[in-house]
Amino acid sequence: MIKILLQYFNSFSGLSREVWWLALITLINRAGAMVIPFLSLYLTDDLDFSLQQVGWIMTSYGLGSFLGGWLGGKLCDTIGYYKVILGSLILTGFSFIGIQYVTGFWNICIGFFILISIADAARPAFFVALSAYSKPENKTRSLTFIRLAINLGFSAGPAVGGLIIATIGYYGLFWVDGITCIIAGFVMIQTLHPKKAKVLDKEVMIDNPVKAHKDGIYVLFLIALALFGFIFVQYFSTIPLYYKEIHHLSEEKIGFLLALNGALIFFFEMPLIAYLEKTNISKIGNVINGFILTGISFVLFLITPWAGILVIGMIIVTLGEMISFPFGNAFALERSKKGRQGAYMGLYSMSFSAAHIFGHNSGMQLINKYGYENSWIFMACVAVLGIGLLFYVKHKLIQKEV
């Protein structure tokens, strides 16, 4: 047991001081993001919007995320990652506090579009900051560590958010979200001031940078990731419905299955990545393996009606997520050395925003029209297409190395 614990803690060794502070800032920020899990309830219970109106508000939310990724990448290359992250945190804080006073359907749509555009502008900047604060050999583990902070924040946030709603009301969420974002900004000022921060990444960028959208291999990689995101987001929209309507699971049991995802990531992702980094498997190879596992999780739903397959499916998709996301992030950062990092990581963020824009709604429509089984077959086919694209990317990369 002691040996296992030592191996777990050793997986965190070698990470820079700046990465630890960046993880703390992320944890504070994400733990405060309590409005998002309760957004649909707030819109229906407190503001009396119809489900159709809520759907359009969520679409505006996704479009804002898409714009934020693009805008953040552009700003990162012009004013630097530090100013983008700090500005995003502070402005997001005030936006959360202010949006509780916005009423009316179209005003809410515009309000959340602007809020999430500001909030997600920081996403590309966080990736670029990690590149600056991480030694090249530690990039994948540093990214995994930040993911760990995000998952911890998202686990704590909803629990605290539920208590706030029960004792204060929904308006308390907006105040706490806003204040925690502002606190995260002040922590950043104190710990990661650009005059104090050391640039640990000594990799040299080329003289003639490639524009991100003209890097054919990178664009194909992002299309494959968008397809991966398309099927992965089903685990947070259509699959919970499948648990309830087909397997008749209670909300408590559904909550347990979703919590299993976060628990597995917390305990196993860092050691798993530390192990995989020592193997000869390439970053793209690991992304492919994770994508295959995610596709298999949908096929399992077609094999047997046994409820236990749901637990096995959740374990397999979480394993796929743990492998794909860190190495996908690391590949994108590595590729961004060919050009302007902000633009590259902005496109990377936009690929997942596109998955959120189209994935949730398309999944719902497929289930409504063709049923669950046909929808899972469709998701498996999307996985095959994405895996095929990644194999092509891997082939092109090998050709260039020869």
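Here are four short exercises with worked solutions on the model above.

This is a predicted model, in which local features need pLDDT of at least 70, side-chain atom pairs count only at pLDDT 80 or more, and totals for chains, interfaces and linings use all residues. Residues are numbered from 1 along each chain as its sequence is written, and side-chain values use heavy atoms, with hydrogens and water left out.

**Exercise 1.** Find which residues pair up in the salt bridges of the structure.

*Solution.* Start with the criterion: a side-chain nitrogen of Lys or Arg within 4 Å of a carboxyl oxygen of Asp or Glu. The structure holds 2 such bridges. Arginine 123 pairs with aspartate 120, with 3.0 Å between the closest N and O atoms. Glutamate 334 pairs with lysine 283, and here the closest N and O atoms are 3.3 Å apart. Glutamate 334 belongs to helix 14 and lysine 283 to helix 13 (residues 283-303), so this pair ties together parts that are 51 residues apart in sequence. Helices here are DSSP runs of H or I with at least four residues, numbered from the N terminus.

**Exercise 2.** Sort the four salt-bridge partners by exposure.

*Solution.* Take the classes of relative accessible area: buried is under 20%, exposed is over 50%, and partly exposed is in between (1.4 Å probe, protein chains only). Aspartate 120, at 9%, is buried, while arginine 123, at 23%, is partly exposed. Glutamate 334 is partly exposed at 45%, and lysine 283 is partly exposed at 25%.

**Exercise 3.** Check the span of helix 14 against the expected value, then its burial.

*Solution.* Helix 14 (residues 308-335) has 28 residues. The expected span is 1.5 Å times one less than the number of residues, which is given as 40 Å for this helix. From first C-alpha to last, helix 14 reaches 41 Å, close to that expectation. As for burial, 23 of its 28 residues are buried, leaving helix 14 mostly covered.

**Exercise 4.** Work out what is notable about the phi of histidine 248, and where that residue lies.

*Solution.* Begin with the background: most residues other than glycine have a negative phi. Histidine 248 has a phi near 55 degrees, a positive value in a residue other than glycine. To place histidine 248, look in the loop between helix 11 (238-245) and helix 12 (251-276). Finally, check its surroundings: histidine 248 is exposed, with a relative accessible area of 64%.

Conventions. Helix = DSSP H or I, 4+ residues; strand = E, 2+ residues; numbered from the N terminus.
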